[in-house]
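Let's take a walk through this protein together. Have the sequence and the 3D view open, and we'll start from one residue and work outwards.

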Amino acid sequence: MDGMGVGRKDAPDSALGGVVLAATIMIMVGLFQFLEGLAAVISDEFFVVLPNYAFAVDVTTWGWIHLILGVLVVVAGFFLFAGSAVAGAVAIVLAGATAVANFFFIPYYPFWSLLIIAIAVYVIWSITRAGLFDS
């Protein structure tokens, strides 16, 4: 893993592999989130809105949020391959933002939102476990 620039030599291989997997997952999730946002912007009737949900936001607004967040997550995923602490910190913040955005998106697309939240938690764990922030 040292040749790819990811992580430290004394970090466990599973954690270093986790960062590579996390970067790959971030790129894929970012692309899916971008497409989800594009679907909401183009045709907001695609998503069925559940009644009586505490957080009511227009589907088109959520579409723009997912579009922008998707692009940022893809870019952060590519920079995470470098293994720098700054890329790791940005990736953690964006993974957290992805989890929060998908929490509020649960009434529109429940299974997918819960899956993305779980993947975001794994990405955060992988990055923090790899030792990118140790000096």
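Start with tryptophan 62: its relative accessibility is 7%, so it counts as buried, the cut-off being under 20%. Keep in mind as we go that this is a predicted model.

What does tryptophan 62 form with phenylalanine 104? The two rings make an aromatic pair. In general, a pair like this is described by how far apart the ring centres are and by the angle of the planes. Here the centres are 6.3 Å apart and the planes are at 20° to each other, so the pair counts as stacked, a label that goes to planes under 30 degrees apart. Tryptophan 62 sits in helix α2 (residues 59-80) and phenylalanine 104 in helix α3 (residues 85-104), so their pairing ties together parts that are 42 residues apart in sequence. Phenylalanine 104 has a relative accessibility of 25%, so it counts as partly exposed. The rings don't stop there: ring pairs join Trp62, Phe103, Phe104 and Phe105 into a cluster. The count for the model comes to five aromatic pairs.

Now step back for the overall layout. The protein has four helices and zero strands, and reading along the sequence gives the pattern α-α-α-α. Of its 135 residues, 41% are buried. If you take the contacts with a separation of 6 or more, 74% of them are between residues 24 or more positions apart.

Staying in helix α2, look for histidine 66. Is histidine 66 buried or exposed? Its relative accessible area is 0%, so it is buried. Leaving out neighbours within four places in sequence, histidine 66 is in contact with Gln33, Phe34, Glu36, Gly37, Ala101, Asn102 and Phe105. You've met one of these already: Phe105 is also part of the ring cluster.

Next comes the nonpolar interior. The largest nonpolar core has 29 residues, and those with the most contacts inside it are Met26, Phe47, Leu80, Tyr108, Val123 and Ile127. Which helices supply at least two residues each to this core? They are α1 (13-42), α2, α3 and α4 (110-129). The biggest contribution is from α1, which gives seven residues.

Pick valine 123 out of that list and zoom in. It lies in helix α4, and with a relative accessible area of 2% valine 123 is buried. Setting aside residues up to four places away in sequence, valine 123 touches Ala22, Ile25, Met26 and Ala95. You can also check its spacing from isoleucine 92: the two are 31 residues apart along the chain, yet their C-alpha atoms are separated by 7.5 Å.

Valine 123 brings us to our last stop, because it is one of the residues that line the largest cavity. Rolling a probe the size of a water molecule over the atoms shows where empty space is left. The count comes to one cavity of 30 Å³ or more, and the largest cavity has a volume of about 70 Å³. Its lining is made of Ile25, Met26, Val29, Val73, Leu94, Ala95, Thr98, Ile116, Ile119, Ala120 and Val123. Helices α1, α3 and α4 each supply at least two of the lining residues, and α4 has the largest share, with four. What is the lining like by class? It has 10 nonpolar residues, one polar and no charged ones.

Conventions
Residues are numbered from 1 along each chain as its sequence is written. This is a predicted model: local features need pLDDT of at least 70, side-chain atom pairs count only at pLDDT 80 or more; totals for chains, interfaces and linings use all residues. Side-chain values use heavy atoms; hydrogens and water are left out. Rings of Phe, Tyr and Trp (its six-membered ring) pair if their centres lie within 6.5 Å; planes under 30 degrees apart count as stacked, over 60 as edge-to-face and the rest as tilted. Buried means under 20% relative accessible area, exposed over 50%, partly exposed in between (1.4 Å probe, protein chains only). A nonpolar core is a set of buried Ala, Val, Leu, Ile, Met, Phe, Trp, Tyr and Cys residues joined through side-chain atoms within 4.5 Å. On a 1 Å grid over the protein atoms alone, a cavity is a set of points where a 1.4 Å probe fits but cannot get out, and a pocket is an open set with protein on both sides within 12 Å along at least five of seven lines; lining residues have an atom within 4 Å of a point. Grid points are joined across faces, edges and corners, and a volume is the space filled by probe spheres set on the points. Ala, Val, Leu, Ile, Met, Phe, Trp, Tyr, Cys and Pro count as nonpolar, Asp, Glu, Lys and Arg as charged, and the others, Gly among them, as polar. Contact means heavy atoms within 4.5 Å.
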